[in-house]
Amino acid sequence: MATTKEHIGQLELRVKQLESDLVARENDLRETVRITEDELKSKDDVLEEYMAEIEAKDARIQDLENHVEKLEEKLEDRESTLRLKNVQIDQLSKRAAELAAQVRKWQDAQTDMEKSMDAIELSMRERPDPAPVHIVQSAPSQEYNRRFTPEVQQSPVTIASHVPKPPPSAHESARTTAFRDRSKKLAEAWASELLSLSYGGVGEGWKHLEHHEGVRCMERKDTDPFVVVKGFGSVPASAEETFAVLQSPETIHEWDRTCKSVRVIERIDESLSVLHLKFESNIPLVDHRDIVCMASARQVDEVTWCILYRSVLHDDAPEERGYTRARLNPSGLIVRSDGEASCIVCYVLQLDARGWIPRAGVERDLHDRMRAVARVRSLMGDIHADFA
């Protein structure tokens, strides 16, 4: 009996120990579960951050893909534009080749015309009854007479005397008629060249020089031996009135102060004549210059008038001692209407002075000639002032 009680007591102690161990183990498990839950929660937070980063990167990747698509579309557009421009370049190249061919044809035609003109000029010796010397001038306006009638008589510029041309004979030779017609065609071709030069601007073979007295001056490069310049500005007078004044040889010295003598060699018709112009040199050891040129004054269209000068040969104007014969390619004045009481005057000069001139003298002469439009403006202003 005592042994059974002891055994029961031992069992009870063992049970209590097991219960105590179980409680301790349960506590350990609970602590482990708590720690594990905390770790899981922390890892969940990290995982959520990773997921957010992944979503942001996915969104960025999507944006980049969209951007790449747009760039690919732009690249396709650029490639299409490039193909189109290549086609345009091919067309422009063909057009340039055509224009070059046309220019060569024009140059050949120009050479043929010059040869024909030389032959015609040499044939003048055989022309019967050459036309007497005569100054071509339209009926002067009242204000023009008031301005120039006293001035011409006292002017230092020599103007050749002239005799009015009699009415054409009924027996005028076919050669004279052919010469006049040929001269008109040459003048028309030269006037077309002059008009084309008056239209070009910076970026079209022209370089800006300066603005002087409201006149814009430009120069064309790579034209040796010719100096090619032009100037244009506004003139406070109608185009018709300005043309009527400028077409007369008597007014050349008013807008070109370098001109000291004007002689009308021959009158071909009412709008065409041959002039001998002399220019005095004020530079030591430099010869004076002279030019024999065809002068043509004509209306181009309703708003444009052209006064052309171009070098020619003439038996009545041989080269003189002390003068170097300069050459003019189509040069002169273009008058365009700019309203009832205003016009735009463009002066184009293509000059080969020939012979020796110091560079400083060339530049000084160039700047003086570019004042031509300003002098035209002053001339027309003086005429209006005298008339008023």
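User: Which element gives the most to the lining of the largest pocket?
Analyst: This is a predicted model: local features need pLDDT of at least 70, side-chain atom pairs count only at pLDDT 80 or more, and totals for chains, interfaces and linings use all residues. Residues are numbered from 1 along each chain as its sequence is written, and side-chain values use heavy atoms, leaving out hydrogens and water. A pocket is an open set of points on a 1 Å grid over the protein atoms alone, where a 1.4 Å probe fits, with protein on both sides within 12 Å along at least five of seven lines; lining residues have an atom within 4 Å of a point. With 10 residues, the element that gives the most to this lining is H6.

User: How many charged residues are in that lining?
Analyst: Asp, Glu, Lys and Arg count as charged. The lining also has 17 nonpolar and 8 polar residues. The charged residues number 19.

User: Is Arg325 buried or exposed?
Analyst: Arg325 is found in strand E9 (residues 323-325; a strand is a DSSP run of at least two E residues, numbered from the N terminus). Buried means under 20% relative accessible area, exposed over 50%, partly exposed in between (1.4 Å probe, protein chains only). Arg325 has 13% relative accessibility, so it counts as buried.

User: Which backbone oxygen does the side chain of Arg325 reach at 3.1 Å?
Analyst: The side chain of Arg325 reaches the backbone oxygen of Ala317 at 3.3 Å. At 3.1 Å, it reaches the backbone oxygen of Pro318.

Note on methods
Helix = DSSP H or I, 4+ residues; strand = E, 2+ residues; numbered from the N terminus. Polar contact = N/O pair within 3.5 Å; in protein donor to acceptor, adjacent residues only side chain to side chain.
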